[in-house]
Amino acid sequence: MKEYRYIRYETLDDGQIARIVLNRPEARNAQHRGLLVELHDAFLAAESDDGVRVVILSGAGPLFSSGHDMGSAESLAERTPGPDQHETFKINGATRAGAESRMLGEWHYFFENTRRWRNLRKITVAQVQGPVYAAGLMLMWACDLIVAADNVMFADVVGTRLGMCGVEYFAHPWEFGPRKTKELMLTGDSIDVHEAHSLGMVSKVFPLEDLEDRTLEFARRISNLPTMTALLIKESVNQTVDNMGFYNALQACFSLHQLNHSHWAEIHENHYPVGLPEDGFDWRSAPPIVPAVKDQVRTSD
């Protein structure tokens, strides 16, 4: 196996189960280009290994993933020409001008890679803990099954904190339902793991201290199914929702996401592609995320 910097890859049960661990705990597993490229490589490695039947995706530390890396020193360095620039900032449209550069980069590294993981030719299980925000939802939703710790909450705050119409892989209406999606995105409020389970988004809920062991136990049960049966069950469900419009909806919403970026870039002198404090959006000083409660406009902080 390759040596990775931002993830860990291991196989268990004589190679029948692969486990990929997001390994930037100091950054709450925020997704920068280095992590995403390594994650894609690891997913494809698990897919190509005929011994692997089930792939677990997890995150080291207290959070599964806090979403896109919004500006750590490491993230800024990998975008900037110089010795620490990531190689992918020289290809796939990165050298083009204006909206084309941003659109192509986000298509390759935020949208199409997530869709590719959703269609991986293996059964995938997300193992999540802590708050799961925005692009963390994308990683989780790309998996076939979601196993969550009892401390998890889910939220997408890009509307209320960045002025954006959601993340690049807009699966929200399919996962939350259309009306709940509007509520959560217009308010930035969260739902807990038990409501997520009642929506059918989460498969199993375990105590945090048991999460790793119980997820592995769940994966072992699934790995006992013949691989052809498992693949065709997955494909039957995926093709069903694709025929209901899932893939076309994802593509359309990705285009709307790019229009939203272009709006902000056009009205800002510095061409910054999301809302700024003067627009009413300041994610650094935003109030705490609170649960969406049915009989309150906003719960207490």
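**A buried strand residue and a negative surface patch**

Val 54 lies in strand E3, which covers residues 54-59. In this predicted model, Val 54 has a relative accessibility of 1% and therefore counts as buried, given that the cut-off for burial is under 20% relative accessible area. A helpful sense of distance within the fold comes from pairing this residue with Leu 186: the two are 132 residues apart along the chain, and their C-alpha atoms are separated by 36 Å.

Stepping back to the whole protein chain, the secondary structure consists of eleven helices and nine strands. The C-alpha trace spans about 55 × 55 × 40 Å along its principal axes. For a compact globule of 301 residues, a radius of gyration near 19 Å would be expected, and the value for the protein chain is 19 Å, so the two agree. Burial can be viewed at this level too: 50% of the 301 residues count as buried, and Val 54 is one of the residues in that class.

The surface offers a contrasting point of interest. Asp 150, Glu 209, Asp 210 and Asp 213 together form a negative surface patch. Of these residues, Asp 150 can be placed in the loop that runs between strand E6 (145-149) and strand E7 (153-155). The relative accessible area of Asp 150 is 41%, so this residue is classed as partly exposed; the partly exposed class falls between the limits of 20% and 50%. The loop residue Asp 150 thus contributes to the patch alongside Glu 209, Asp 210 and Asp 213.

How values were computed. Residues are numbered from 1 along each chain as its sequence is written. This is a predicted model: local features need pLDDT of at least 70, side-chain atom pairs count only at pLDDT 80 or more; totals for chains, interfaces and linings use all residues. Side-chain values use heavy atoms; hydrogens and water are left out. Patches are made of residues with over 30% relative accessible area and no salt bridge: like charges are joined within 9 Å, nonpolar side chains (Val, Leu, Ile, Met, Phe, Trp, Tyr) within 5 Å. Accessible areas come from the Shrake-Rupley method with a 1.4 Å probe; for residues, only the protein chains shown count as cover. A salt bridge is a side-chain nitrogen of Lys or Arg within 4 Å of a carboxyl oxygen of Asp or Glu. Lys and Arg count as positive and Asp and Glu as negative; His and the chain ends are not counted. The place of a charge is taken as NZ of Lys, CZ of Arg, CG of Asp or CD of Glu. Helices (H or I, at least four residues) and strands (E, at least two) are DSSP runs, numbered from the N terminus. Buried means under 20% relative accessible area, exposed over 50%, partly exposed in between (1.4 Å probe, protein chains only). The radius of gyration is taken over C-alpha atoms; the globule rule is 2.2 Å times the number of residues to the power 0.38.
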